[in-house]
Amino acid sequence: MHTVSRNSIQQRSLISQMFIICLHLMQRLLVAKFFVGFFMGIIFTVIVYNLKEPIEKPRFRPDQSKFEYEKNQQTFDDSNPSKPSIWNSSWDGFKNENKFPRHFYLIRHGQYFDNARTMEEMKLTLLGKEQLEYTGKRLNQTKTHFNRLIHSGMVRAFESAVIINQQLDSKLELIEDKSLSEGLPVAPIPYAGISQRDIDTYGDRARIDGAFAKYFHRARSDQNKETHDIIVFHANILRYFICKIMQFPVEAWLRITLNHGSITQITILSDGGIVLKTIGDSGFIPANKVTF
Ligand SMILES: *[C@@H]1O[C@H](CO)[C@@H](O)[C@H](O)[C@H]1NC(C)=O
Ligand SMILES: *[C@@H]1O[C@H](CO)[C@@H](O)[C@H](O)[C@H]1NC(C)=O
């Protein structure tokens, strides 16, 4: 009896000792696990953080569109020689001279007194001025460093440019260009109230084409940076410019409508590729203040 009971005491203490050792081991394991988990967490966070794209990174990647552009370029030339080419890559008469894109923010002037008797009286209405405030605010919000603010020779374009400048953080010198004034480029197809006879009498395509060539071309060798130009002018020639730069039939110009104060954004890549980003965007003007 005596020995048995001593044995059982010994056994019990052995079991409890083993239990305590186990507890210690588990505790150490848990501590080790905690640290392993902790460091894994840090590593994971670092990896995830680095996988995420930086927020300020520009969304537009010219290289991608350039790739698509080059891919298309290779096939269409020899695909069917009898078919006219759908893209003339030397449309501006230039070759790839440097790497800088040219960005354009083409603005239609605001609502104006279109029934006024003289050109000088064709000023912006109160609503027209308000529309251009929205346009200017929108341009300022993009935090773009604009290089030039150009306007046509007409009073409504000048007034619009002044209001845009008021909204910009860094003020620009206003540049007047009379070749950007409103006009009639070609007779629209389908017929929409402007006939070939009107064009023969009032049309001034040569002047309008001259204005186009002056601004729309890829970066030349003397351009040493990316440029952002605001041009404030008129719906007819702006619509004609859109068709022309896209190499669409220019007679289609009157199928497009542009709201007052709207922004049409076009980028010309250094290889002559075109990116039309918006046509007549006026989403920043409250709906009850939109006119065309
Ligand atoms: C491409 O456009 C340029 C400039 O307008 C012109 O001189 C040239 O003949 C055109 N090329 C083709 C293949 O149409
Ligand atoms: C232009 O936008 C900035 C914010 O990006 C603002 O702080 C500034 O006041 C704006 N400038 C004008 C002239 O309203």
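So, N140: one of its polar side-chain atoms sits 2.3 Å from an oxygen atom of ligand 2. Keep in mind that this is a predicted model, so everything I say today is computed from it.

Okay, who else is around ligand 2? Besides N140, you have K143, Q166, Q167, L168 and D169. Of those, D169 makes a polar approach too: an N or O atom in its side chain is 2.8 Å from a nitrogen atom of the ligand. On its own, ligand 2 has 360 Å² of accessible area, and the protein covers 50% of that. If you sort the shell by class, you get 3 polar residues, 2 charged ones and 1 nonpolar.

Let me stay with K143 for a second. K143 has a positive phi, about 55 degrees, and yet it isn't a glycine. Where is it in the chain? K143 is in the loop that runs between α3, residues 126–141, and β2.

Now the other one, ligand 1. Its surroundings are N88, S90 and W91. In the side chain of N88, an N or O atom comes to 2.3 Å from an oxygen atom of ligand 1. Taken alone, ligand 1 exposes 360 Å², and the protein buries 28% of it.

Right, on to the sheet. It's open, with 6 strands and mixed pairing, and if you read across it the order is β3-β2-β4-β1-β5-β6. Which strands are at the edges? Those are β3, at 174–176, and β6, at 274–281, each of them pairing on one side only. From one strand to the next, the twist averages 20 degrees.

Let's zoom in on the β6 edge. Strand β5, residues 263–268, runs antiparallel to β6, and 5 bridges join the two. If you want a spot to look at on screen, find Q265 and you'll see T278 of β6 standing opposite.

Then there are the helices on the sheet. Helix α4, residues 155–167, packs against it and touches β1 (102–108), β2 (148–151), β3 and β4 (227–233). Its direction makes about 135 degrees with that of β4. Helix α7, residues 235–246, lies across β1, β4, β5 and β6, and runs at about 155 degrees to β6.

One last backbone detail, and it's a fun one to click on. The peptide bond joining I189 and P190 is cis, with omega at about 0 degrees. As for P190, you'll find it in the loop between β3 and α5, the helix at 196–202.

So, back to where I started: if you open just one view after this, go to ligand 2 and look at N140 at 2.3 Å and D169 at 2.8 Å.

Key: Residues are numbered from 1 along each chain as its sequence is written. Chains are lettered from A and ligands numbered from 1 in the order in which they are written. This is a predicted model: local features need pLDDT of at least 70, side-chain atom pairs count only at pLDDT 80 or more; totals for chains, interfaces and linings use all residues. Side-chain values use heavy atoms; hydrogens and water are left out. A residue is near a molecule or strand if one of its heavy atoms lies within 4 Å of it. A polar contact is a pair of N or O atoms within 3.5 Å; within protein, one must be able to donate a hydrogen and the other to accept it, and residues adjacent in sequence count only if both atoms are side-chain atoms. Accessible areas come from the Shrake-Rupley method with a 1.4 Å probe; for residues, only the protein chains shown count as cover. Ala, Val, Leu, Ile, Met, Phe, Trp, Tyr, Cys and Pro count as nonpolar, Asp, Glu, Lys and Arg as charged, and the others, Gly among them, as polar. Two strands pair if DSSP finds at least two bridges between them. Helices (H or I, at least four residues) and strands (E, at least two) are DSSP runs, numbered from the N terminus. Axes are lines fitted to C-alpha atoms, for helices over the stretch in contact, and angles run from 0 to 180 degrees between N-to-C directions. Contact means heavy atoms within 4.5 Å.
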